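Colleague: I'd like to go through the voids and the packing in this one. Can you start with the terms and then take my questions?

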Amino acid sequence: MCSGLLSLPPRCELPHQKMPNYTIVMEFLLMGFSDVWELQVLLAVSFSLMYLVTLIGNFLIVFVTTLDKSLHTPMYFFLRNLSILDACYISVTVPNSCVNNLLNSSAISKAGCVTQVLLVVFFVYTELLFLTIMARDRYVAICQPLHYPAIMNPQACVQMTLASILSGLVYSGFHTGITFRLPFCQSNIIHQFFCDIPSLLKLSCSDTFSNEIISLASGLVIGGGSFIFIIRSYIYIFSTVLKFPSGTDRAKTFSTCIPHILVVSVFLSSSFYVYLRPSTISATIQDVVLSLFYSVIPPFFNPIIYTLRNEQIKCAIRKIMKKNFN
């Protein structure tokens, strides 16, 4: 019997009735990428470097947009929120994976698994809403500049942020609840480097059809709706920008918007592939790799897109450094 599985004695049986001998999962085993120790160490070092760079980049954005009063605008308010979210999001999965690889351990308690699922779903949902709000902010700023102060006023920005966070808590709590109400008695091996809902549904010994339908419907409505809204916003933005005289304004808009669209596309396509597939399909190393594209890549690349390609941020960094070191 696998470790982490607790056997339950058979219950009282009625005549001619057979009751199964159930096992309850007390902990899970995260299989990750490889069982080879040298490769585990290499992955741990690589993940640690990516994690460190991600934290530095995101906290740099938070630091600069907080200190520089010229960046106290709706755009940078949402960027600061996104950076805080990204730093927390990557901290849910990567540090635990690095420790497991270095210690050659794969066990995670059921409570730890519940926490990971709750937080991962919350951060994925909230990140998607933040990216959608940021696309709307850019749309209003470029396509409706005269109405921008009224539409994106400070009160509206705070309300949209709070609504995203609160709805994210409800959404993640609901999906975590309906996942862990299922009995897990087939195995405790998760073919992933963190706990996620698709992997857990594969371990359930009960019917998961309703869970899959709920995940499919909510994913298509929220993920698909957000993606359509973001693409629609950028189509209007590009059509407006193309009317500008060719110059730095047009180039600056394209240089920021196109990488943003690429990150959103990778984030959604990889999460759709992992979360919306039927649980009957066997897990592969491809699923583990694809999970990186929605759990690690967006938090890693967002600071690069919004810092290295943003003149205002770079100017603010130079100004703060000059003020403190001269």
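Modeller: Sure: Ala, Val, Leu, Ile, Met, Phe, Trp, Tyr, Cys and Pro count as nonpolar, Asp, Glu, Lys and Arg as charged, and the others, Gly among them, as polar. This is a predicted model, where local features need pLDDT of at least 70 and side-chain atom pairs count only at pLDDT 80 or more, while totals for chains, interfaces and linings use all residues. Residues are numbered from 1 along each chain as its sequence is written, and side-chain values use heavy atoms, leaving out hydrogens and water.

Colleague: How do the residues lining the largest cavity divide by class?

Modeller: A cavity is a set of points on a 1 Å grid over the protein atoms alone where a 1.4 Å probe fits but cannot get out, and lining residues have an atom within 4 Å of a point. Here 19 residues line the largest cavity, with Val124, Tyr171, Gly219, Ser271 and Tyr275 nearest its centre. By class that lining has 13 nonpolar, six polar and no charged residues.

Colleague: Which helices each supply at least two residues of that lining?

Modeller: Helices are DSSP runs (H or I, at least four residues), numbered from the N terminus. For the largest cavity, the ones that each give at least two lining residues are H3 (110-143), H5 (154-180), H7 and H8 (248-275).

Colleague: And how much space lies in the second largest cavity?

Modeller: Ten is the wall count: 10 residues line the second largest cavity, Lys202 and Asp287 being among those nearest its centre. Its lining has three nonpolar, three polar and four charged residues. A volume is the space filled by probe spheres set on the points, joined across faces, edges and corners. For the second largest cavity that space is about 60 Å³.

Colleague: Is isoleucine 222 buried, partly exposed or exposed?

Modeller: Isoleucine 222 sits in helix H7 (residues 209-241). Buried means under 20% relative accessible area and exposed over 50%, with partly exposed in between (1.4 Å probe, protein chains only). At 21%, isoleucine 222 therefore counts as partly exposed.

Colleague: How are H1 and H2 oriented, roughly parallel or roughly antiparallel?

Modeller: Axes are lines fitted to C-alpha atoms over the stretch in contact, with angles from 0 to 180 degrees between N-to-C directions. Helix H1 (residues 37-67) packs on H2 at about 160°, their axes 9 Å apart. Angles under 35 degrees count as roughly parallel, over 145 as roughly antiparallel, 65 to 115 as roughly perpendicular and the rest as oblique. So H1 and H2 are roughly antiparallel.

Methods
1 Å grid on protein atoms, 1.4 Å probe; cavity = no way out; pocket = protein on both sides within 12 Å on 5 of 7 lines; lining within 4 Å.
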